[in-house]
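Colleague: I would like a close look at one part of this model, the place where the ligand sits, and then at what lies around it. Please take it step by step.

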Amino acid sequence: MSNKTAPASEIKDAKLAPEGKIRIEWAERDMPVLRLIRERFEKEKPLKGLRVSVCAHVTSETANLARTLQAGGADCLIIASNPLSTQDDVAAALVEEYGMRVFAIKGEDIPTYHKHVNIALDHKPQLIIDDGSDLIVTLVKEREGQVKEVIGSTEETTTGITRLQAMQRDGKLPFPAIGVNDAQTKHLFDNRYGTGQSTLDGVIRATNRLLAGRVVVVVGYGWCGKGTAMRAKGMGANVIVTEVNPIRAIEAVMDGFRVMPIDEAASEGDIFITVTGNRHVIDGQHFEKMRDGAIVCNSGHFDLELNLEALGKLAKDKRSVRPFMEEFTLKNGNRVSVLAEGRLVNLSCAEGHPASVMDMSFANQALALEYLVKHKDKLSKGLNTLPEEVDQEIAALKLKSLGIKIDKLTKEMVDYLSSWTVGT
Ligand SMILES: NC(=O)c1ccc[n+]([C@@H]2O[C@H](COP(=O)([O-])OP(=O)(O)OC[C@H]3O[C@@H](n4cnc5c(N)ncnc54)[C@H](O)[C@@H]3O)[C@@H](O)[C@H]2O)c1
């Protein structure tokens, strides 16, 4: 049923709402843990009357998180955390079918993105869900007076947590922030299996190239890099990993990958995927060494992993070859194609992570908001993590939903594990 009284929003086309609703319902079927939380929130209303601003990728999975917060009594306003990651039909359904305020249009320009960030702050949030920390950084830099109204915030991704750590070091994080990415039921699954599958999905949808037999260079062997390399290998690619951290590099070696500096990998790769959360990890000198036909993309949070300015300077020509693909012809004659303008390839060229992993990530988000409200007088300013029991509970519910049983510690085992007297 349409909500005719929905407050002002900025979306691409309200008529897309019925398609969006079907997609939201499809995702919901694979989000049983979040569904259980929503059913409990409906009864207990832990977020009753609280203003929540959500800066996230506006996908069908995020819509189910928003529904959960709404069921908990929250007054939600949603903006996109990336100019290219919005699913316009989902945004329309959130407004028309669920009566939420949404400011997100796929392909919005940077001034519009910043305008939406400010609209989310005009909502005077008491709770903030952030993905990449743009909302919180803008709040702290530009709206100091509003900070005292904030009970706390949550951060979805590795890059956002890196920024929050830097703010904390500078004494600039004025309320409790829960690093949802730090939960094991988040990064072990979302970053690894979610990014692994959806990044390749993005590359395949954008290029329709066969991966078998191709050389895929994965830059960064963190949780996202591990998943991406694993899935590329599974599809028959010959995977090279580049790293700056010796421990991660040795992991990649023992996982069976070739490891070398990007300077060497540049001339070997057919497809390059960056997942580092770092700046200019593929730079001008690397583009210059690439083979004719190389394809380059990024699945790290921000669009600065590829130095596209340097690539532009090396190019004599540029044209669009397929949706979300730009081909640069370098002065040396080689052609290098960049996907999605260097933005998150999995969300720009495909649909982001499958619902099954976002089920656990967003269960963490919903429980983190509840936790912030319940413990608001006890939590310290700065970065916090959710208690281990919450992580264990989410994993246990996920297993239950999959019909998988596991063993329990016996009393004898518990006694042994807590004793130091028994040895050789
Ligand atoms: N695409 C998505 O949907 C998605 C999902 C989750 C996280 N992310 C983002 O992906 C990025 C990586 O996340 P993560 O959880 O894997 O982080 P992580 O910290 O576990 O791993 C990053 C790795 O990159 C390495 N690295 C840094 N600079 C490098 C360089 N110049 N060359 C090679 N390696 C380098 C680091 O040593 C580290 O091992 C972050 O920006 C994160 O926010 C994206």
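Which polar backbone atom is 3.1 Å from an oxygen atom of the ligand, and from which residue does it come?

Modeller: This is a predicted model, and what follows should be read as such. The backbone atom belongs to Trp 223, which places a polar atom 3.1 Å from an oxygen atom of the ligand. Two further polar pairs can be listed beside it. A side-chain N or O atom of Asn 191 is 2.9 Å from a ligand oxygen. On the nitrogen side, a polar backbone atom of Ser 299 lies 2.8 Å from a nitrogen atom of the ligand. On its own the ligand has 870 Å² of accessible area, and the protein covers 87% of that.

The shell around the ligand comes next. It holds 28 residues, and Thr 157, Thr 158, Thr 159, Glu 243 and Ser 299 are the closest of them. Sorted by class, 17 of the shell residues are polar, eight are nonpolar and three are charged. Four elements give two or more residues each: α7 (158-169), α8 (184-207), α9 (223-234) and α14 (345-348). Helix α8 has the largest share, with three residues.

Asn 191 deserves a separate look, since its side chain was named above as a partner of the ligand. This residue lies in helix α8. Asn 191 has a relative accessible area of 3%, so it counts as buried, the cut-off being under 20%. Besides the ligand pair, the side chain of Asn 191 makes a polar contact of 3.1 Å with the side chain of Asn 181. Beyond four places in sequence, Asn 191 is in contact with Thr 158, Asn 181, Lys 186, Gly 196, Trp 223 and Cys 224. Two names in that list have already come up: Thr 158 is among the closest residues to the ligand, and Trp 223 supplies the backbone atom you asked about.

Thr 242 can be described in a similar way. It is found in strand β8 (residues 238-242). Its relative accessible area is 5%, which means that Thr 242 is buried. Apart from residues up to four places away in sequence, Thr 242 touches Val 217, Val 218, Val 219, Gly 220 and Tyr 221, and also Met 260, Pro 261, Ile 262 and Ala 265.

Now the nonpolar interior. In soluble globular proteins, nonpolar side chains tend to be buried together. The largest nonpolar core here has 55 residues, of which Leu 69, Leu 94 and Leu 127 touch the most other members. Helix α15 (residues 355-374) gives the most to this core, namely 13 residues. Leu 69, leaving out residues up to four places away in sequence, touches Leu 47, Val 52, Val 54, Ala 74, Cys 76, Ile 129, Ala 366 and Leu 369. Another core, of 26 residues, lies apart from this one and includes Tyr 221, Val 239, Phe 257 and Ile 271. Tyr 221 is also one of the residues that Thr 242 touches.

Tyr 113 is a further buried position. It sits in helix α5 (residues 110-122). With a relative accessible area of 5%, Tyr 113 falls under the 20% limit and is therefore buried. A polar atom of the Tyr 113 side chain lies 3.3 Å from the backbone oxygen of Ser 81. Ser 81 also appears among the contacts of Tyr 113 beyond four places in sequence, which are Cys 55, Ala 80, Ser 81, Asn 82, Pro 83, Glu 108 and Asp 134. Gly 99 is 14 residues from Tyr 113 along the chain, and their C-alpha atoms are separated by 22 Å.

Two loop residues should be noted for their backbone angles. Most residues other than glycine have a negative phi. Ser 133, not a glycine, has a positive phi of about 75°, and Glu 341, also not a glycine, has a positive phi of about 55°. Ser 133 lies in the loop between β4 (127-130) and α6 (134-142), while Glu 341 is in the loop between β14 (335-339) and α14. Ser 133 is buried, at 0% relative accessibility, whereas Glu 341 is partly exposed, with a relative accessible area of 48%. Helix α14 is also one of the elements that give two or more residues to the shell around the ligand.

Definitions and conventions:
Residues are numbered from 1 along each chain as its sequence is written. This is a predicted model: local features need pLDDT of at least 70, side-chain atom pairs count only at pLDDT 80 or more; totals for chains, interfaces and linings use all residues. Side-chain values use heavy atoms; hydrogens and water are left out. A residue is near a molecule or strand if one of its heavy atoms lies within 4 Å of it. A polar contact is a pair of N or O atoms within 3.5 Å; within protein, one must be able to donate a hydrogen and the other to accept it, and residues adjacent in sequence count only if both atoms are side-chain atoms. Accessible areas come from the Shrake-Rupley method with a 1.4 Å probe; for residues, only the protein chains shown count as cover. Ala, Val, Leu, Ile, Met, Phe, Trp, Tyr, Cys and Pro count as nonpolar, Asp, Glu, Lys and Arg as charged, and the others, Gly among them, as polar. A nonpolar core is a set of buried Ala, Val, Leu, Ile, Met, Phe, Trp, Tyr and Cys residues joined through side-chain atoms within 4.5 Å. Buried means under 20% relative accessible area, exposed over 50%, partly exposed in between (1.4 Å probe, protein chains only). Contact means heavy atoms within 4.5 Å.
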